[in-house]
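Here are my notes on this structure, set out as numbered points. Please read them with the structure open.

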Protein chains: 2
Amino acid sequence: MTRIQKVAELAGVSTATVSRALAGKPSVSPATRERVERAARDLGYVVSATASSLASGRNRNVGIVMPFLNRWFFTTAMAGAHRVLTDAGYDVTLYHCEPNRLDDPDGADNPRRSRLFADSLLRKRTDGLIMVTLSLTAAERTSLHGIGKPVIALDRPQEGITALAVDNLAIAHTAMSHLLELGHTRIGFVGGIVPYDLDFHVPLLRRQGYEASLVDAGLEIDPLLMCDAEFTVDGGYDAASQILGAGEPPTALFAASDELAIGAHAAIRDRGLRIPEDVSLIGIDGNPLAEVFGITTIDQHPDAQGAAAARELLKELEPTSPHAAAAVRLPFELVERRSTARARD
Amino acid sequence: MTRIQKVAELAGVSTATVSRALAGKPSVSPATRERVERAARDLGYVVSATASSLASGRNRNVGIVMPFLNRWFFTTAMAGAHRVLTDAGYDVTLYHCEPNRLDDPDGADNPRRSRLFADSLLRKRTDGLIMVTLSLTAAERTSLHGIGKPVIALDRPQEGITALAVDNLAIAHTAMSHLLELGHTRIGFVGGIVPYDLDFHVPLLRRQGYEASLVDAGLEIDPLLMCDAEFTVDGGYDAASQILGAGEPPTALFAASDELAIGAHAAIRDRGLRIPEDVSLIGIDGNPLAEVFGITTIDQHPDAQGAAAARELLKELEPTSPHAAAAVRLPFELVERRSTARARD
DNA sequence: CTGAAAGCGCTAACAC
DNA sequence: GTGTTAGCGCTTTCAG
């Protein structure tokens, strides 16, 4: 492969000047820059990332760490971050952090995860890290701090780490307001639980939002109208079935995610009920699949969340460039579709 | 950060020996190795990936290039490859290769993609590449060859690149055989098209398999029973609706993917038809979502496909380790669920 | 089996 | 604005 020396020779300058010109440093005369760029192009020269990293201490590479590599929310957030980072000239190295099982909260028996924090993440390959919806143990946090590189956590506030998180209470409130404004008073809650990493953060906030909205509206909290499940379509089916079969049925269902809502959708129809005539249904996320079923949702723009996390990280990596100092807001919004309608009198 | 020198001092050996010991080279006495490992552990030393790369020429890093970063099939294949690679001690950097639009087949107006092939991929950051379901232009192939690193293509045979691909003809044949054995004679085809990169490879093979099966069974090919759509749920809905509304309706539908099948499922039910009593339905892929709807499918194990591609690449990266020389088979299989049943007489 | 020494390809002071 | 000169932190001949 062509090295910098060749380019220097062809352009008739020193390697230092080639380096400066190609890095876009200001201290290069236009004429020289032009000659260097031509020489580089003619030779098909591209700098060696490793050599550049070693010499400069900057990798132009950031790591994204995710608990799941093929679930919609995670990969969509990742894609958002990826685009911002590559547009800024960074490469992205993807790390998989296996969730700890509930019966092994410290990951004593999670070798892949141990290796990640003991080795992979410490190899100095990245300039910074984005951790998507991941809960770390104290030891892991210590390990991360040891590398002395910026870390941004997305959707999981944790001690000592800059975090971006959507306002889950407000999201739940928005969903409930929509239902309440349509005149519903018996509203069921298909809640989600996260069966790993002992993390009840998001599910808890959404449930709290549900209950608070009910109380604010002067309505009672009926335990028979609430049921939890994993954040999966199957879970939503079962939880909704249970709610619909117990006591006086609700006229509306609020599901803590779109996947749960899709499951609830099937459960409602399987009981011979119509949507929205008999039961209104709303979810959370913005999963395109919900659109196919006409399910009203609160879109939380996971791609934008990933992009925001990436921008936040870039801000720390390149303090020189001017960035808005304002706190990051992760927006969300109601998307009305045909699964919600006025309650019948 | 601790450097190799510190470890050498603590262990009372030279840096060369530390390097050898930690790399697992055989030419180190057990006693020395032991001392070095202890010293490294005590100091929390982890080698710098960049320094090691520069000195050795090996990155222990492979690139995965994908046209979509958040679609189930792609991310599932990626996850399969990721696991094999990280288990082998490699990091994975993820590249996004934007598909070329049909009105710009050479990507003249696709700056992100141009940059990928002109820069990112040439920075010598990786030891090899896995390209998932991606069609390259001649120029891109040339560019790739220039870097002189092994490349494995998954599910897209192309000139000059080692490729792994599932037998799409056989898959279609298996699906059709299932339907035919159930006594169906009017079978519709919800076909997929790929509206980018001018690539009609997979859709074409699946359609050919459909037609060939019909011919083999002595049945006629009825154009009214075939309709193409994008590989999306929406597309499946529309295509199925059209088939069900034209001429004498089929008693079974074969969809070229599970997403198409899910759309078809909704279309069938929306016309007041029952599954499988009125219409049988089969898809392709193994998408877990199809399971929720009870849709029979041909599972093609995308995770295993990704893993196979990764193993194939490792074989080229580490010719020393013993590997089976046998050609790679990508298996698939019929998964019967409740969407298919005997045709009524 | 181990050490000394020469780079890997580039960048960053420091001169001029 | 540009060249010279040290390294960045590690691996790898080459000796012994």
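1. Strand E10 of chain B, residues 296-299, is covered on both faces. On one side sit Thr296(B) and Ile298(B), on the other Thr297(B) and Asp299(B), and all of these are buried. In a regular strand, side chains alternate between the two faces of the sheet. The model is a predicted one, and the points below should be read with that in mind.

2. What are the neighbours of this strand? Strand E9 (residues 280-285) of chain B runs parallel to E10(B), and four bridges join them. Within that pairing, Gly283(B) has Thr297(B) as its bridge partner. E10(B) also pairs with strand E11 (residues 333-335) of chain B, here in the antiparallel sense and over three bridges. In that pairing Asp299(B) is matched with Glu333(B) of E11(B). Thr297(B) and Asp299(B), the residues of E10(B) named in these bridges, are buried on one side of the strand.

3. Just before E9 in chain B there is a loop to look at. The peptide bond between Ile275(B) and Pro276(B) is cis, with omega about 5°. Pro276(B) belongs to the loop between helix H11 (258-270) and E9 of chain B. Chain A has a cis bond from Ile275(A) to Pro276(A), with omega near 5°. Pro276(A) lies in the loop between helix H11 (258-270) and strand E9 (280-285) of chain A. As background, most peptide bonds are trans.

4. Two residues of chain A deserve a check of their backbone angles. Thr133(A) is not a glycine, yet its phi is positive, near 45°. This residue is in the loop between strand E3 (128-132) and helix H7 (138-147) of chain A. Asp155(A) also has a positive phi, near 65°, and is found in the loop between strand E4 (151-154) and strand E5 (162-164) of chain A. Most residues other than glycine have a negative phi.

5. Are Thr133(A) and Asp155(A) buried or exposed? The cut-off for buried is a relative accessible area under 20%. Thr133(A) has a relative accessibility of 9%, so it counts as buried. Asp155(A) has a relative accessible area of 6% and is therefore buried.

6. How are chain A and chain B related? Chain A is superposed on chain B by a rotation of 180° with 0.1 Å of shift along its axis, and the RMSD is 0.1 Å. The two copies are therefore related as by a two-fold rotation axis. In chain A, Thr93(A) has the C-alpha nearest the axis, 2.0 Å from it. Both copies use the same surface, with 100% of the contact residues of chain A recurring in chain B.

7. Now the DNA, beginning with strand D. There are 25 residues around DNA strand D, and the closest are Thr17(A), Thr32(A), Ile4(B), Ser19(B) and Tyr45(B). Of the atoms of DNA strand D that come within 4 Å of the protein, 65% are accounted for by sugar and phosphate. Polar side-chain atoms lie by phosphate oxygens of this strand at 2.3 Å for Thr32(A) and at 2.5 Å for Ser19(B). For Ser29(A), a backbone N or O atom lies 2.8 Å from a phosphate oxygen of DNA strand D.

8. Which elements give two or more residues to the surface near DNA strand D? They are helix H2 (15-22) and helix H4 (49-56) of chain A, with helix H2 (15-22) and helix H4 (49-56) of chain B. H4(B) gives the most, four residues. By type, the residues of this surface near DNA strand D are 11 nonpolar, 10 polar and four charged.

9. DNA strand C is surrounded by 25 residues, and Ile4(A), Ser19(A), Tyr45(A), Arg20(B) and Thr32(B) come nearest. Sugar and phosphate make up 69% of the atoms of DNA strand C that come within 4 Å of the protein. A polar backbone atom of Ile4(A) is 2.5 Å from a phosphate oxygen of DNA strand C, and a backbone N or O atom of Ser14(B) is 2.9 Å from a phosphate oxygen of that strand. A base is also involved: a backbone N or O atom of Leu54(B) lies 3.3 Å from a base oxygen of DNA strand C. H2 and H4 of chain A and H2 and H4 of chain B each give two or more residues to this surface.

Note on methods
Residues numbered from 1 in each chain as written. Chains lettered and ligands numbered in written order. Predicted model: local features only at pLDDT ≥ 70, side-chain atom pairs only at ≥ 80, totals over all residues. Heavy atoms only, no water. Near = heavy atom within 4 Å. Polar contact = N/O pair within 3.5 Å; in protein donor to acceptor, adjacent residues only side chain to side chain. Nonpolar A, V, L, I, M, F, W, Y, C, P; charged D, E, K, R; others polar. Buried < 20%, exposed > 50% of the residue type's maximum accessible area, 1.4 Å probe, protein only. Pairing = 2+ DSSP bridges. Least-squares fit on C-alpha atoms with pLDDT ≥ 70 in both. Contact = heavy atoms within 4.5 Å.
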